[in-house]
Amino acid sequence: MSTSIAPRVDTSEAISIAHGGGGEMMRRLIDEHIIPRLGNRFLNPLDDSAVFNPTNKRTAFTTDAFVVQPLEFPGGDIGRLALCGTINDLAVMGATPIALSLAIVVEEGLSFTLFDRILDSVAETAAEANVVVATGDTKVIERQNGDGLIITTAGIGEIRDDANLGQSRIDEGDVVIVTGRIAEHGLAVLSVREGLSFQTQIVSDVAPLGGLVASIFDSGADVKFMRDPTRGGLAGVLADACEASNLSIEVEESSIPLSPSARHTAEVFGLDPLTVANEGKIVVVCPVDDADRVLQACRTHRLGHHAALIGQFKKEEPSLVELITEAGGRRIVQRPYGEELPRIC
Amino acid sequence: MIPNRIQDLVQTLNRVCDSLAPMAFMEVCGTHTVSFQRSGVKSLLPDNIRLISGPGCPVCVSPQGYIDAACEIASYPATTICTYGDMLRVPGRHGSLLQKRADGADVRVVYSPIDAVRLADEHPERAVVFIAVGFETTVGGHAAAVLEAQDRGLDNFFLLTSQKLVVPAMMALLAEGEVCIDGFLCPGHVSVIIGPNAYVPVVQTHRKPCVIAGFEPEQMLRGIIQLVRQVAQHAARIENIYPVAVRREGNPVAVRIINEVFEPADSEWRAMGTIPVSGLSLRTEYQQFDALERFDVDLGPDYDAPGCCCGQVLQGKVEPRDCPLFAIECSPSNPIGPCMVGSEGSCAAAFKYGHDGTRRACISSDRR
């Protein structure tokens, strides 16, 4: 049951409706809490828009909203998640992020201590990914049984000249590589939400992936398609690629990187790790001859130690994702259908 | 790479099956149904072995009237429904609990009935109703929750019970004789509670082999091998190949608290009607925890949606794929019957993992 609701304090230590009113209180919130952490030459003028000079490169543009509960979880928090979500959506399109926007909706009563910790985390993640928050907004909503804090980010990025990505490029024989152990973000969040503690704590893999993606491209491999397997997990990405390419994918279960603790936790929740969200992994499709280059590039990067080749595209009708199980049997893999529900027994 | 021991077991199975007539084994429990498909073991079985899924998915065997009663109670004021996630999307005649939640009812998913007791304690102004479905595996937890609620002196915690017993359902299927069953693969987790001797009537009255197995690929394969050996010997014994967990006496502590709070009672099963002494109801001393009494709700008549074969599927009379709605009108994202909803449901398992050897899969039909 959800018991980890963000702490609320009824003093001046908490955010109030007035902090979102556009007046002096709001100005203090920005000057004392936001600018000291996130300030940069685009944000500091506090103009209505950040201004950039256009480049002659292709530009990627994306947005995402984040509503995770609890706001802080092992390995990250909503701030880091909100930045990584957008940075990674750019990265898997071959784009180097130029700038992000950050819109925060806060529920009245959220403590400044927690608010500041989340902003610190945003700042650290931005620095790690070498990107600026160029524009932002804050609104305060009335106290309710809400989630305390909602963040929406958007981002623009320049697409590398050597990036030529698209599911339509996938051919028979191409291979599927996943850059590390799966299911850790979803299981970490679910474990704290349900108050389960295990001997080995599962930590979210949330991380900005721009550097890893750059290493993969720099390896010279002909990367045909990349996606970060967030909601819907690995199963969702494989099902999408299968559908879009009209090819089948044969996946070897025993080669899918999965930590023993993640495997056990998924069992406790009755979840299929293939359908659990990741926030720091990439699924890469490339020709079989380039697989070693991609694997080498991943394994020498700190976020890709456990990269593995997990499957191959085949021309078989009808197109479906087929898993060769650890027991040596076969089953299909489907995109999960919405909310994964706790099982009975 | 296939683990050697699995390869060895598959070879053994092929050898013991060789030249035997086709056999049909019922895996009584939904956990086995799902494990066979999810692990791919089903695809490794020889052609002369057919698995039949039995009435062992708690969500699926709960009659329609029960779902409707749960939905009716959910719409009462100052009432909170606590449920295992599986029950949320089971369609009733007037919507599911999920739809009731969207309409503003307070319906919460919990992992344990004790969470519901805690919620009742924290919210004395609300009636908290726990949707108590399940077999012997889960009923112990329900009993513990009732005792906990009593200890805390709560008068706002209730159970809406549809608790079932495994063996009476097996006996009812055999007595009816419509499904040809050569033996039962009996669920490890239920057997942990009830012990191997609970299956004596199946073996003695109907002379059907019973093998108790866990849910790992190796256990399931070994279970099937032992069933085949018994068939070949014309034997009918109870075999426990899961002795690490299943002890002769079962779990006396769990049985004691179950018997303290509940008593055996006739129970209505979806499509199977009322089976004598096949369920567990609250004892008179604990009637104050009965949601039906508190809300004065009756279980309505049983019912299957037009065209839906769930009632036949859960008795092993129809394979999920043979239902005319399977993967056409009925899918996990739009379930018509409970077998497509429950994580242990045969139709959900067939849809999610199903592989019938011809690469025919439901993925394409669901894309319509």
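How many bridges join strand β1 of chain B to β2(B), and do the two run parallel or antiparallel? In this predicted model, β1 (residues 23-27) and β2(B) are joined by five bridges, and the two strands run parallel. One of the pairings can be picked out by eye: B:A24 has B:R50 in β2(B) as its bridge partner.

Zooming out a bit, β1 and β2 belong to an open sheet of five strands in chain B, laid out in the order β2-β1-β7-β8-β9 with parallel pairing. At the edges sit β2 (49-53) and β9 (238-240) of chain B, each of which pairs on one side only. Going from one strand to the next, the twist averages 25°.

Chain B is also split up by its domain assignment, which gives domain 1 (4-56 + 173-240), domain 2 (59-165 + 250-295) and domain 3 (310-354). The C-alpha centres of domains 1 and 2 of chain B are 31 Å apart. Where these two domains touch, seven residues of domain 1 are in contact with eleven residues of domain 2. On the domain 1 side, the touching residues come out as five nonpolar, two polar and no charged.

Over in chain A, helix α7 (residues 260-269) has a buried set made up of A:A262, A:T265, A:A266 and A:F269. These four lie on the same side of α7(A) because they cover an arc of only 100° around the axis. In general, an α-helix has 3.6 residues a turn, so residues three or four places apart point the same way. The cover over the buried residues of α7(A) includes α4 (184-193) of chain A. Flip to the other side of α7(A), and A:P260 and A:E267 are exposed. Right after the helix comes A:G270, with a positive phi near 70°.

Terms used
Residues are numbered from 1 along each chain as its sequence is written. Chains are lettered from A and ligands numbered from 1 in the order in which they are written. This is a predicted model: local features need pLDDT of at least 70, side-chain atom pairs count only at pLDDT 80 or more; totals for chains, interfaces and linings use all residues. A residue is buried if 20 or more other C-beta atoms lie within 10 Å of its own, exposed if 12 or fewer, and partly exposed in between; C-beta atoms are placed from the backbone. The arc is that of the directions from the helix axis to the C-beta atoms. Domain bounds come from an automatic or database domain assignment. Ala, Val, Leu, Ile, Met, Phe, Trp, Tyr, Cys and Pro count as nonpolar, Asp, Glu, Lys and Arg as charged, and the others, Gly among them, as polar. Two strands pair if DSSP finds at least two bridges between them. Axes are lines fitted to C-alpha atoms, for helices over the stretch in contact, and angles run from 0 to 180 degrees between N-to-C directions.
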